[in-house]
Amino acid sequence: MKEILLVFVVTGFEPSVSDRIFESYDECKHFVNALAKQSVVNSDYGFQFLSSDKLLVSGQCVAKEDYRHEQSS
């Protein structure tokens with residue numbers, strides 16, 4: 001089973017990784033689209049949208065092993 005992380009940044013804040021670990025890219029995609037209240041996740045599972053308080057939220061659903069690899073590079 002793959003572990004998928006939601007990596008994101010909100011304008012004015014530090015980049016973050018959600019506490020929740022998703023079981024698939026689609027589960028992560030549906031979660032982000034539900035938060036955005038619209039379809040915002042693209043084909044590489046990246047996204048960008050304005051929150052209800054007009055802050056820009058951008059990020060990507062990333063496999064845990066890929067994210068760890070990127071962090072150590």
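**Exercise 1. Work out whether K2 is buried, partly exposed or exposed in this predicted model, then find which side chain K2 meets in a salt bridge.**

*Solution.* Start with the accessibility. K2 has 38% relative accessibility. Buried means under 20% and exposed means over 50%, so K2 counts as partly exposed. Next, look for the partner: the side chains of K2 and E65 meet in a salt bridge, at 3.0 Å from N to O. Now place the two on the chain. K2 sits in the segment before β1, while E65 belongs to helix α2 (residues 64-72), so this is a link between distant parts of the chain, 63 residues apart. Finally, check E65: with a relative accessible area of 43%, E65 is partly exposed too.

**Exercise 2. The structure holds three salt bridges. Track down the one made by E3 and the one made by R20.**

*Solution.* Take E3 to begin with. Its side chain meets that of K64, at 3.7 Å from N to O. E3 lies in the segment before β1 and K64 in helix α2, so the pair ties together parts 61 residues apart in sequence. How do the two ends compare with the cut-offs? E3, at 32% relative accessibility, is partly exposed, whereas K64, at 18%, counts as buried.

Then go to R20. Its side chain meets that of E27 at 2.9 Å, N to O. R20 is partly exposed at 39%, and E27 is partly exposed at 27%.

**Exercise 3. Find the disulfide and decide its handedness.**

*Solution.* There's one disulfide to find. C28 and C61 form it, with their sulfur atoms 2.1 Å apart. C28 is in helix α1 and C61 in strand β4 (residues 56-63), so the bond links distant parts of the chain, 33 residues apart. For the handedness, use the torsion about the S-S bond: it's about -85°, so the disulfide is left-handed. Both cysteines are buried.

**Exercise 4. Follow L6 from the nonpolar core to S18.**

*Solution.* The largest nonpolar core has 14 residues, and L6 and C28 are among those that touch the most other members. Helix α1 and strands β1 (4-10), β3 (46-50) and β4 each supply at least two residues of this core. Leaving out residues up to four places away in sequence, the contacts of L6 include C28, C61 and S18.

Now step over to S18. You'll find S18 in the loop between β2 (16-17) and α1 (25-36). Buried means under 20%, so S18, at 17% relative accessibility, counts as buried. Its side chain reaches the backbone oxygen of R20 at 3.0 Å.

Notes: Residues are numbered from 1 along each chain as its sequence is written. This is a predicted model: local features need pLDDT of at least 70, side-chain atom pairs count only at pLDDT 80 or more; totals for chains, interfaces and linings use all residues. Side-chain values use heavy atoms; hydrogens and water are left out. Helices (H or I, at least four residues) and strands (E, at least two) are DSSP runs, numbered from the N terminus. Buried means under 20% relative accessible area, exposed over 50%, partly exposed in between (1.4 Å probe, protein chains only). A polar contact is a pair of N or O atoms within 3.5 Å; within protein, one must be able to donate a hydrogen and the other to accept it, and residues adjacent in sequence count only if both atoms are side-chain atoms. A disulfide is a pair of cysteine sulfur atoms within 2.5 Å. A nonpolar core is a set of buried Ala, Val, Leu, Ile, Met, Phe, Trp, Tyr and Cys residues joined through side-chain atoms within 4.5 Å. Contact means heavy atoms within 4.5 Å. A salt bridge is a side-chain nitrogen of Lys or Arg within 4 Å of a carboxyl oxygen of Asp or Glu.
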